[in-house]
Amino acid sequence: MVYENPDGIRIGLEIHIQLNKLKTKMFCGCSTDYHNAAPNTHTCPVCLGLPGTLPVLNKKAVEAAIKVGLALEGEIAEETQFHRKNYFYPDLPKGFQVTQYDFPIVSKGKVVIEGEDGEHVVGITRAHMEEDPGKLVHIGSIEKSKGVLIDYNRSGMPLIETVTEPDMRSPKEARRFLDKFRNILEYLDVFDGNLEGAMRVDANVSVYWGTRVEIKNISSHKGVERALLYEIMRQKNVIRRGGKIMLETRHFDEGRGVTISMRTKEEAEDYRYFREPDLMPMRVTGWIPAIKETLPELPDAKRARFMEQYGITDMHARSLTSKIMLADFYESVCATGVDPKTAATWTADVFLGELNYRDLAISSYDGKTIGFIHAKDPGIENSFKVLDMVELVTLFAEGKVSDRAAVEVIRTILDGTEEKTPSQIIEEKGLFKAEDDMVTRAVAETIAENAAAVQDYLGGAEKSLNFLVGQVMKKTKGTADAKTARELIEKELKG
């Protein structure tokens, strides 16, 4: 199937990535560990832009940028250079941002995503290094703000801005690109995506192959998808009413789910770029071989290996490799000798599904325990041990617990505050699988007590069988195997 893109939608993204795993900022020695600190406590004359200060480039930031470029299969510039991007805004006290202009360190890369019609290649135009400005905090909404506070702790944080080609054809593809891109960055261990401001997105979108509109500073993947859905609808309505789409920059109001006009779009000449006189050009070609040696196994390669090594499905392999920490957790479980297919089912389908249902994001893995925090409330956190998953998979494989009971164990651990093993939970809740005679007795009682449902089933109403199985599960408190109960009922009623 070929996706025809009937509305002529073109989406390109500009993604700002904070290299927040580095110890110090881009051009000074200030700590990058500011996220839980009081405002304006992680600053110095350099990142505040005071007169007479000189920047000193963080070499680790350049190495991280090259690492990202190699992972994106991009070309690394032989020589690169910083420029000053001149504009006035309260979050930028020195009146210019140190960035790269026509010498980006990375160009011509690509990311392969699952598109509307199968695998789809999104081109990477460029990725360049720059410093982060400070943060503005509006009192109230951006439209009716009563005042603005400025926090310069973020000022000077090392950033990589990645610019894509307008290759995405729907908001869904844009979200899938962001998921894949974040996944690659986490594999590279260059940033922590759970920290506030770690990834910020500007989205450019047009309909009917027309004029593009930029939506600035969207902070979540879901927010990008929602903003694009709204903006596409708005542009189509404007054109339908005989209007024209203006080249402009808009803000996404997440609370109301709408985009708001901010200003007309600036062009490159408006910024009066010129070379940064305090930083010399860099030749980095000689760095590449050593950095290439440090590249880890990336998501697509790991997915292919999982399918071959563990014999699991493509769907399970995609889920398990969607987070490097989840992939490591799964491999630790398999290393104990349990059946990898069963482990994949319980890790990718049930465990990951229960995390998503609770809005929990994986935040750590130390080789023995995987940790997670609530996406909106970092104060809510918990963990799950490799050995607990091994024990649960083993009990299930040995037929000692039903699938329903095993799910209950996972839910209890995720929701619990006390540290308990699966066996302890199963014992306390009486979740060991019911003995055969207990199930047989429950089947007999169910048939005797539900004559109407039995007659409906014998008359061809298949859903009545589901009802009868449910009654057996109820009598056995969920400890019976549903498949066995179904087979016994069918045998009793149809011989």
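Reader: Why is L70 called buried?

Author: In this predicted model, L70 has a relative accessible area of 15%. Buried means under 20%, so L70 counts as buried.

Reader: Where is L70 found, and which residues does L70 touch?

Author: L70 is found in helix α1. Leaving out residues up to four places away in sequence, L70 touches I76, I288, I291, K292 and L295.

Reader: How far is L70 from F177?

Author: The two are 107 residues apart in sequence, and their C-alpha atoms are 17 Å apart in space.

Reader: What does F177 touch, and what makes each of these a contact?

Author: A contact needs heavy atoms within 4.5 Å. Not counting residues up to four places away in sequence, F177 touches L13, I15, V111, I113, V122, I124, T164 and M168.

Reader: Which residues have the most contacts inside the largest nonpolar core?

Author: They are L13, I15, I66 and F177, in a core of 64 residues. Helix α1, residues 59-71, gives the most to this core, with 8 residues. There is also a second, separate core of 46 residues, which includes Y187, M325, L352 and V390. As a general background, nonpolar side chains in soluble globular proteins tend to be buried together.

Reader: What share of the chain is buried?

Author: Buried residues make up 48% of the 495 residues in the chain.

Reader: How many aromatic pairs are there, and what makes Y87 and Y271 an edge-to-face pair?

Author: The count comes to 13 aromatic pairs. For Y87 and Y271, the centres are 5.9 Å apart and the planes are at 70°. Centres within 6.5 Å make a pair, and planes over 60 degrees apart count as edge-to-face, so Y87 and Y271 fit the name.

Reader: Why does this pair tie together parts that are 184 residues apart in sequence?

Author: Y87 lies in the loop between β4 (83-86) and β5 (96-99), while Y271 lies in the loop between β14 (258-264) and β15 (274-275), so the pair joins those parts of the chain.

Reader: Are Y87 and Y271 buried or partly exposed?

Author: They fall on opposite sides of the 20% cut-off. Y87, at 24% relative accessibility, counts as partly exposed, whereas Y271, at 15%, counts as buried.

Reader: Why is the pair of F329 and F351 called stacked?

Author: The planes of F329 and F351 are 25° apart, with 5.6 Å from centre to centre. Planes under 30 degrees apart count as stacked, so the name fits this pair. F329 is in helix α7 (residues 324-334) and F351 in helix α8 (residues 340-357), 22 residues apart. F329 and F351 are buried, and they form one aromatic cluster with Y365, F372 and F384.

Reader: How do you know that the charged end of K85 sits over the ring of Y271?

Author: The charged end of K85 is 4.4 Å from the centre of that ring. The distance cut-off is 6 Å, and the charge must also be within 35 degrees of the ring normal. K59 sits over the ring of W287 in this way too, 5.4 Å from its centre.

Reader: What lines the second largest pocket?

Author: The lining includes K21, K60, E63, A64, K67, D189 and T294. Its largest share, 4 residues, comes from α1. About 250 Å³ of space lies in this pocket.

Conventions:
Residues numbered from 1 in each chain as written. Predicted model: local features only at pLDDT ≥ 70, side-chain atom pairs only at ≥ 80, totals over all residues. Heavy atoms only, no water. Core = buried A, V, L, I, M, F, W, Y, C linked by side-chain atoms within 4.5 Å. Buried < 20%, exposed > 50% of the residue type's maximum accessible area, 1.4 Å probe, protein only. Helix = DSSP H or I, 4+ residues; strand = E, 2+ residues; numbered from the N terminus. Phe/Tyr/Trp six-rings, centres within 6.5 Å; stacked < 30°, edge-to-face > 60°. 1 Å grid on protein atoms, 1.4 Å probe; cavity = no way out; pocket = protein on both sides within 12 Å on 5 of 7 lines; lining within 4 Å. Points joined across faces, edges and corners; volume = space filled by probe spheres on them.
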